[in-house]
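This report looks at a protein model in two parts. The first part concerns the spaces in it, and the second concerns the place where two chains meet.

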There are 2 protein chains.
Amino acid sequence: MHNPASRKLQIYRLIGKVPTIAAYTYRHSVGFPYVYPDNELNYAENFMSMLWKMTEPKFKANAALARALDILFILHADHEQNCSANVMRAVGSSHADPFVCTAAAAAALSGPLHGGANEEVLKMLDQVGSKDRVPAYVTQVKAGHGKLMGFGHRIYKNYDPRARIIKWAADQVFQVTGKNPKLEIALELERIALDDEYFVSRKLYPNVDFYSGIIYQALGFKPDMFTVLFAIPRTVGWLAQWQEMIEDPEQKIARPRQIYTGYTERNFIPIEKRTERALAAQGGVKP
Amino acid sequence: MHNPASRKLQIYRLIGKVPTIAAYTYRHSVGFPYVYPDNELNYAENFMSMLWKMTEPKFKANAALARALDILFILHADHEQNCSANVMRAVGSSHADPFVCTAAAAAALSGPLHGGANEEVLKMLDQVGSKDRVPAYVTQVKAGHGKLMGFGHRIYKNYDPRARIIKWAADQVFQVTGKNPKLEIALELERIALDDEYFVSRKLYPNVDFYSGIIYQALGFKPDMFTVLFAIPRTVGWLAQWQEMIEDPEQKIARPRQIYTGYTERNFIPIEKRTERALAAQGGVKP
């Protein structure tokens, strides 16, 4: 790990293997045989081949879809000190190997507060039910009932610069895949949000998670695959941050300073005598 | 995870399963068949049974060793915001499930800067070679050549309160296992360090890692198993901290604030034209 050449090799391996593992989990989940990586295809095309190749000798990726997927990957590659990047650095700070660091970062991404945002979008579309019920749903949200998932962003208060690019990619995808009822709900929501003064003034523009969710669903993925699709490009960002950290001559093990705010000294009570009452009477003050 | 009863069950499961996995890795590493957990034994005895039971119908743990192991486990159960506890909280903050959180914390523990300290002690003992070479090694260290592993502590500047207890446990173990050449080197080092004015004045007392390393080696473990033995009791502390975090009503996803200190705006250069010279001329200032 302290050898730059070995580091580079491990980084290549991880970036190469993560889409393979992801595609294999997908094929396994639908009961299809695995497809080996094809070295003649580019990154996005190879991933599509591993996902969708059937009995044809060579998978021919749709060029528009491959480009859109590549753009989606680029947009998701890194995003400052989010939860999983921080975990990558925290685990890596003990000089654990990059494979377990990446696994730990992926664990953080699996949490619904982190990687789950685009799944929530799809759940919301299910809740709305059909295109003609969108106005009623929007009225409800304006009245303070329910939440618009995939709109606005905690850091980008005005506009998420990624949203414009991903919207373009989404349009390319929909031209190929055509529309389906869920996509129509999503597009109707988008249309209203970009037009309606209520949403515009509150900066509630559709964000990256909104579009990535509907792109993935247009491509035929189930929501439980979304976070896996997020982990593929984010592996690149995790490894870039890991590399940056390891190369830092001032790098130290991550060990936050703790300030104790619990009880002061308490008397020992044998475990079999620890009743509520005994605990209350044992002394010690909780601030 | 938001249900306290389910949380408790998952915590029980993890605390119960980690020693089983640890013992199985050990049995696998020595080519022995696995031993199922025995519900009639206590925690330490059951672990010993899974490690060492051969064909006898019931494993009889040596009482002194079981008690020593239990003490070792208690001493290692938790230790404030160390690297792996911080990872447990960081991954858990996204509401990932406690199984992947624990795996991520164990990944952090696997790094040589974190869990590897007691392995380093054994490497040092190998380096010293024999008991009669201890004084020469100590003289070397005093002269500034080489390092005494397992002495002193970053946080406990005067004395590690755990060291006194683990030393007692170590003595109990050695009465059962008898001494071996490596242990004699360790005890000679300990004797000198506790006596010699040079070490006493610098607070270089043998710490928990020093004793846990030599206890494990007296019990017959190879150093590559030490971190696994550390992970068993520490699972309890990780889960306690995870539980504390989830129950905190102010809990939020862990996402450190980032302050950008890199280049200012730079011109785009197509990747095939990115020579050293082109990069240097592209504008942008690195502070």
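## Pocket, cavity and interface

α12(A) gives the most to the lining of the largest pocket, with 8 residues. The model is a predicted one. Helices α1 (4–30), α4 and α12 (226–247) of chain A each contribute at least two residues to the lining of this pocket. The largest pocket has a volume of about 1400 Å³. It is lined by 35 residues, and those closest to its centre are Q81(A), R89(A), Q241(A), E244(A) and Q258(B).

The count of cavities of 30 Å³ or more comes to 1. The volume of the largest cavity is about 30 Å³. Its lining consists of H76(A), N118(A), D209(A), S212(A), Y216(A) and F230(A). Helix α11 (residues 208–218) of chain A gives the most to this lining, with 3 residues.

The table sets out three groups of residues by class.

| Group of residues | Nonpolar | Polar | Charged |
|---|---|---|---|
| Lining of the largest pocket | 14 residues | 11 residues | 10 residues |
| Lining of the largest cavity | 2 residues | 3 residues | 1 residue |
| Side of chain A that touches chain B | 15 residues | 11 residues | 3 residues |

The last row of the table leads to the interface. How many residues of chain A are in contact with chain B? On chain A there are 29 such residues, and they are in contact with 29 residues of chain B. The size of an interface is often given as the accessible area lost when the parts come together. Here chain A and chain B bury about 2700 Å² between them, and 60% of that area is on carbon and sulfur atoms. Of the area that chain A buries against chain B, L113(A), R255(A) and Q258(A) supply 23%, more than any other three residues.

Which charged and polar links join the two chains? There are 2 salt bridges between chain A and chain B. In a salt bridge, the side chain of E80(A) meets that of R255(B), with 3.3 Å from N to O. Across the interface, 8 residue pairs are in polar contact, counting pairs with both residues at pLDDT 80 or more. On the side of chain A that touches chain B, α4 (83–92) and α5 (98–109) each supply at least two residues. α4(A) gives the most to that side, with 5 residues. Helix α4 of chain A also supplies at least two residues of the lining of the largest pocket.

Methods. Residues are numbered from 1 along each chain as its sequence is written. Chains are lettered from A and ligands numbered from 1 in the order in which they are written. This is a predicted model: local features need pLDDT of at least 70, side-chain atom pairs count only at pLDDT 80 or more; totals for chains, interfaces and linings use all residues. Side-chain values use heavy atoms; hydrogens and water are left out. On a 1 Å grid over the protein atoms alone, a cavity is a set of points where a 1.4 Å probe fits but cannot get out, and a pocket is an open set with protein on both sides within 12 Å along at least five of seven lines; lining residues have an atom within 4 Å of a point. Grid points are joined across faces, edges and corners, and a volume is the space filled by probe spheres set on the points. Helices (H or I, at least four residues) and strands (E, at least two) are DSSP runs, numbered from the N terminus. Ala, Val, Leu, Ile, Met, Phe, Trp, Tyr, Cys and Pro count as nonpolar, Asp, Glu, Lys and Arg as charged, and the others, Gly among them, as polar. Contact means heavy atoms within 4.5 Å. Buried area is the accessible area (1.4 Å probe) that two parts lose on being put together, summed over both. A salt bridge is a side-chain nitrogen of Lys or Arg within 4 Å of a carboxyl oxygen of Asp or Glu. A polar contact is a pair of N or O atoms within 3.5 Å; within protein, one must be able to donate a hydrogen and the other to accept it, and residues adjacent in sequence count only if both atoms are side-chain atoms.
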